[in-house]
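Please open the structure in a viewer and keep the selection panel at hand. The tour below proceeds by selections, each followed by an account of what is found there.

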Amino acid sequence: MILTKLAYKSLLNRRASVLLTLFTIAISVMLLLSIERIRVDAKTSFSNTISGTDLIVGARTGDIQLLLSSVFRIGYANNGVSWQSYQYIAAQRGVKWSIPISLGDSHKGQAVLGTSRDYFTHYRFGKKQTLSFQQGHAFEHLNQVVLGSDVASRLGYKLGDNIVISHGMGNTSFHHHKDNPFIIVGILNATGTPVDKTLHIPLAAIDLIHGGSHSANDEHDEHDEHDEHDEHDEHDEHDEHDEHDEHDEHDEHNNLIGEPSQITAFLMGFDSPLYTLQIRRNINQYKKEPLLAIMPTVTLKELWQMLAIVEKVLLLFSGVVILVSLLGMLTTLLANLNQRRRELAILRSVGARPWQLFTLISMESLFTTLLGCLVGCGLYYGVMLISSSYLQSHAGISVNIAMLSYYELTLIGVIMAAGFIIGLIPATRAYFYSLSDGMSIKT
């Protein structure tokens, strides 16, 4: 107890240098825990870029290539899927829903995705979270577009603005579809996924702007004229009106999808995992055209394994940060030790033994490391609380703020042990200083 009280008083007496060392350790612990948590949650969020989708089907190519092109908008699909094959597969027993997607166009470097309204209903990300609208609604006509949050914020778009889509992916395009401008009717909330950097238009509009018989605006005008004509038709019976409205809604839904010659890929959800495995096998053995069906969760894990070097670099960085902080503490202790020789000599003169001085210095380094770890944990939780929303919206990392895991507690234990071992070096020097100063007490 006396040594503990003496160590506490000694730390208070040298509070300036001790606080600096403590702060260095705290920052290192905060960085270590933050990097470890982000590493784990980044892996989880990466795996949850698309969730709730059982199969992704496209032209036969590599699993990862199909995933990158259809989900991450990276690369190009070698071939497409015929519309007849899509309809045949989507009509199979056990299929709960299917979403056709068509890629290949862009707007100022941002990908344009042609799809159906079911996309906004069935697409899931993260922990099976649904897409939601920050402003507006899903497209209802061929000349309407829904923007991802990043597209809207980066390009400064708002509802009602007109945009022109360009042929081809990337920032450079040699053909702009100026005859078919689109009106922004919806802006999605941030998801931290490639959806944020995507413009969504009706699938039928893709076919129309690539050589259809008439433009999206013409189709919309014809639809309006058809509606006006229907409004002026004289129908006396109320039931006929209801049937006509239902027919129009069905036609409008079909008009948004159309019948393109081919699509890039399509997403599928099933009533049971058994249907998933069965239909996946059937698709991969499909004879009419070479198709590939992948399970996105499995392929995402395979892709992350290819990026394992990123995990190793993060862990190495964490280790270097801790090592530098502990070496800084060692430097401070050794520098202070030369100035404390007079203090140690006084302690020896009042009866302190060499092993007690050894214990005193060791306890000081242990206390400093312990306080640094505690402060570092507090800073870690503060940083995670402040940055969690930013990481979710801008990096797509859903941070799980919870109690420290067993592995994280083990890391802190290793830091404590390393701090104690580092403290043995100045403690040993203090022990020999006490012997060389000629104040050994005879017993």
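**A serine pair as the starting point**

Select S85 and S82: the side chains of these two residues make a polar contact at 2.8 Å. The model is a predicted one. S85 belongs to helix α4, residues 83-90. With a relative accessibility of 4%, S85 counts as buried, because the limit for that class is under 20%. Next, display the residues that S85 touches beyond four places in sequence: Y286, E289 and L291.

**A charge over a ring**

Select Y88 and K288. K288 is placed over the face of the Y88 ring, 5.6 Å from the ring centre.

**The whole chain**

Zoom out to the full chain of 443 residues, 46% of which count as buried. A cartoon view should show 15 helices and 15 strands. Among contacts between residues at least 6 apart in sequence, 78% join residues at least 24 apart. In a surface view, the chain exposes about 23,100 Å², of which carbon and sulfur atoms supply 58%.

**Helix α3 and its surroundings**

Select α3, residues 63-70, and colour its buried residues, L66, L67, S69 and S70. What do the buried residues of α3 pack against? Their partners are the strands β1 (55-59), β3 (95-107), β14 (265-270) and β15 (291-294), together with helix α11.

Proceed to R73, in the loop between α3 and β2 (81-82). The phi angle of R73 is near 60 degrees, a positive value in a residue other than glycine. Most residues other than glycine have a negative phi. R73 is buried, with a relative accessible area of 14%.

For a second positive phi, select K108, where the angle is near 55 degrees. K108 is located in the loop between β3 and β4 (110-115). Is K108 buried or exposed? At 53% relative accessibility, K108 counts as exposed, since that class begins over 50%.

**Helix α11, face by face**

Select residues 296-306, helix α11, and mark the buried residues P296, T299, L300, L303 and W304. Viewed down the axis of α11, these buried residues fall within an arc of 140 degrees, so they line one face of the helix. An α-helix has 3.6 residues a turn, so residues three or four places apart point the same way. Now turn to the other side of α11, where K301 and Q305 are exposed.

**A threonine in a loop**

Select T264, in the loop between β13 (262-263) and β14. T264 is buried, at 13% relative accessible area. A polar atom of the T264 side chain lies 2.8 Å from the backbone nitrogen of L103. Beyond four places in sequence, the residues touched by T264 include G58, A59, A77, N79 and V81. I101, S102 and L103 are also touched by T264.

**An aromatic cluster**

Select Y119, F120, Y123, F133 and F139, which form one aromatic cluster. Across the whole structure, a search finds 8 aromatic pairs.

**A final stop: N336 and S17**

Select N336, in helix α12, residues 308-339. With a relative accessibility of 12%, N336 counts as buried. How far apart are N336 and S17 in sequence and in space? The two residues are 319 residues apart in sequence, while their C-alpha atoms are 8.7 Å apart in space.

Definitions and conventions
Residues are numbered from 1 along each chain as its sequence is written. This is a predicted model: local features need pLDDT of at least 70, side-chain atom pairs count only at pLDDT 80 or more; totals for chains, interfaces and linings use all residues. Side-chain values use heavy atoms; hydrogens and water are left out. Buried means under 20% relative accessible area, exposed over 50%, partly exposed in between (1.4 Å probe, protein chains only). Helices (H or I, at least four residues) and strands (E, at least two) are DSSP runs, numbered from the N terminus. The arc is that of the directions from the helix axis to the C-beta atoms. Contact means heavy atoms within 4.5 Å. Accessible areas come from the Shrake-Rupley method with a 1.4 Å probe; for residues, only the protein chains shown count as cover. Rings of Phe, Tyr and Trp (its six-membered ring) pair if their centres lie within 6.5 Å; planes under 30 degrees apart count as stacked, over 60 as edge-to-face and the rest as tilted. A charge sits over a ring if NZ of Lys or CZ of Arg is within 6 Å of the ring centre and within 35 degrees of the ring normal. A polar contact is a pair of N or O atoms within 3.5 Å; within protein, one must be able to donate a hydrogen and the other to accept it, and residues adjacent in sequence count only if both atoms are side-chain atoms.
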